[in-house]
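Trainee: I have a new model open and would like to learn how to read it feature by feature. Could you take me through it slowly?

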Amino acid sequence: MNSYLDFEKPIAEIEGKLQELRHLSDDSGVNMLDEVSRLEGKVDRLLKQTYSRLTPWQKTLVARHQLRPHCSDYISRLITDFLPLAGDRAFGEDRAVIGGLGRFQGHTVMVIGQEKGSDTEGRVAHNFGMANPEGYRKASRLLRLAERFQVPVLTLIDTPGAYPGIGAEERGQSEAIARCIEACLDVRVPVVALIIGEGGSGGAIALGVANRVLMMEHAIYSVISPEGCASILWRDAALAETAAEALRLTAEDLHALGVIDGIVPEPVGGAHRDAASTIDRAGSALEEAFADLRGLDGAALRGQRREKYLELGAVAEG
Amino acid sequence: MSWLERFARPKVSGLFRKPDIPHDLWEKCEKCEQMIFHRELESNLRVCPRCDHHMRLGADQRLALLFDGEEYQTIELPAVDEDPLRFRDRKRYSDRLREARSNTGHDDAIVVAHGKIGGAPAVVAAFDFGFLGGSMGTAVGESLLAAARLAILQEAPLIVIPSSGGARMQEGVLSLMQMARTTIAVDELKEAGVPYIVLLTNPTTGGVTASFAMLGDIAIAEPGAVIGFAGPRVIEETIRERLPEGFQRAEYLRDHGMVDMVVHRRKLRETLSLLLSLLRDKKPAAEIISLHGDAPSKSDVKDEPASAGAE
Ligand SMILES: [Zn+2]
């Protein structure tokens, strides 16, 4: 049932033993409670230990974990009365981007997120979370729609990147992303972004320019995938682990750099071990972020957003 | 010191110098492989006289090509944290920067200049591909903001000439953030009513294309320039198909509605001068001809608002 990552092998072994023990005690009636609880404690300690010092590469693997809660999981647990809205009004409907109106803690919100899909069929339908231009144009449209009705926007980011395809290029992938960034910057309503898994490059920042940018503890956000970076700068894709270190793509690093505003802690062992409590924690953090922005008028929200990005990278005058 | 004083100070070394003549007097065209005499190539603006291939220009050559009398002044690039991640791959990023500076004579992958085009002031920000592949990091983002503000201050149009492989990986996610920051630069221009023109040259790809480069009021491309988001190799590996002929080239983009025009280098200055004058001198240059047949006399035109008011 669980699918283990390479570095989780010691945990997998003990959990395997635990499974066996439970079966054994069921079948034989022999009470092995002591041994079971000893092993349970051991798993717990190991998980805590491992997950408190994940390397950037390990975080990359966790961020991409197939059992990690995806955009639609967040929507179904956090948003009530969700009403999906489709299409870019120009070419098509891109299911890599889910968007729609709903209620977050009673307030109407516009939710726009990238969905990777959680089984083979879903992954194909959602194109593994890699949007075509239509996805970004739909997002731009929904941002403008939210502005028109003064509805706050929540974006959920989880994508390996924008889709690299012939049609995507022909229909203006780069223009679609640029316009989406422009729309995120421009709208006179609160925008809160949450990076839930993989924040892959231009495809991620297209939805990632916000008044508050939050990031799940084990999510990553990077200008290029560690593999891509390794193959270009080190000329060896096998050095992805080294590249992941150098890129500073963890939530902790990005917070220190001022690129994100907050980190949402994940349960012990990562989001994929407890989706419900992960999403609940995200919910509280989002509630706080929206509450902070309440009371600011449209111009102030827009100005604050711009100022925040203008300040990034500016050097203190001496 | 305000940003204005900081960047509006001209750089003494920024005044244009003719590039040194290279030692080898013949150059090979990368497209048709013909050997071309150096002087012939230069007088032809580095366009192959045999096959019309547009060879790459450095930032200095770009600026000399566009400004009247090859005269312009560059501005000092704003100060930034040069190596925020203390990045090191096979080489230190700080060493790569040092090398690029000594090879190009520029502080970073962009040069911002102001002067006159077609007799009227203009600001130009030209990328230098020779500087780490024209990649966009914090310095480039900050320079584009400075260029936009200079254009607004001078009420002069901004022409940006990307030649870039995209974001600068050595600055990690901070280079990604320049996509947002350069978009703000574009929005500031738009709010000020200042024309923003992009001249897409070979190559314009990645994060540069997916931000300011595709947001021009007018988009012009040089013939044959590769312009796109994803690199051709990445696309081929993803879709496992051969790419169509001319894919991601300037002409292909024009045919797909992504740029306004593809302009030969020889016609660039003329085209830009005309465009800028059309955007500037909006009064009719000649008498208006009525759409309703007879040309109106001047008194007719004058009377119209008055009679409308009387009704
Ligand atoms: Zn040639």
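Mentor: Let us begin with the place where the chains meet, keeping in mind that this is a predicted model.

Trainee: How many residues of chain A are in contact with chain B?

Mentor: To read an interface, one counts the residues on either side, and here 42 residues of chain A are in contact with 46 residues of chain B. Among the elements of chain A that each supply at least two residues to this side are α7 (166-170), α9 (201-205), β7 (220-222) and α14 (298-311), while α8(A) gives the most, with 9 residues. Sorted by class, the side of chain A that touches chain B has 26 nonpolar, 8 polar and 8 charged residues.

Trainee: What does strand β5 of chain B pair with, and in which sense, parallel or antiparallel?

Mentor: A strand can have a partner on either hand, and each pairing is read separately. Strand β4 (residues 110-117) of chain B pairs with β5(B) in the antiparallel sense over 8 bridges, and the two form a hairpin with 2 residues between them, where G118(B) in the turn has a positive phi of about 60 degrees. With strand β6 (residues 158-161) of chain B, β5(B) runs parallel, joined by 4 bridges. You can follow both pairings from V123(B), which stands opposite H114(B) and has L158(B) as its bridge partner in β6(B).

Trainee: Which helix belongs with β5(B) and β6(B) in a β-α-β unit, and is β5(B) mostly covered or uncovered?

Mentor: Helix α5 (residues 138-154) of chain B joins the two strands in a right-handed β-α-β unit, and β5(B) itself is mostly covered, with 6 of its 8 residues buried.

Trainee: How should I read helix α6 of chain A, and what do its buried residues pack against?

Mentor: One first compares its span with the expected one: α6(A), residues 133-148, reaches 23 Å from its first C-alpha to its last, close to the 22 Å expected. Its buried residues, including Y136(A), L142(A) and L143(A), pack against β2 (97-104), β3 (107-114), β4 (153-159), α7 and α8 of chain A. After the helix comes Q150(A), whose phi is positive, near 55 degrees.

Trainee: Why does E93(A) count as partly exposed?

Mentor: Burial is judged by counting neighbours, and E93(A) counts as partly exposed because it has 13 C-beta neighbours inside 10 Å, whereas a buried residue needs 20 or more. E93(A) is found in the loop between β1 (79-84) and β2 of chain A, and, not counting residues up to four places away in sequence, E93(A) touches A86(A), G87(A) and E134(A).

Definitions and conventions. Residues are numbered from 1 along each chain as its sequence is written. Chains are lettered from A and ligands numbered from 1 in the order in which they are written. This is a predicted model: local features need pLDDT of at least 70, side-chain atom pairs count only at pLDDT 80 or more; totals for chains, interfaces and linings use all residues. A residue is buried if 20 or more other C-beta atoms lie within 10 Å of its own, exposed if 12 or fewer, and partly exposed in between; C-beta atoms are placed from the backbone. Two strands pair if DSSP finds at least two bridges between them. A crossover is right-handed if, with the strands pointing away from the viewer, the path from the first strand over the helix to the second runs clockwise. Two residues are in contact if their C-beta atoms, placed from the backbone, lie within 7 Å. Ala, Val, Leu, Ile, Met, Phe, Trp, Tyr, Cys and Pro count as nonpolar, Asp, Glu, Lys and Arg as charged, and the others, Gly among them, as polar. The expected span of a helix is 1.5 Å times one less than its number of residues.
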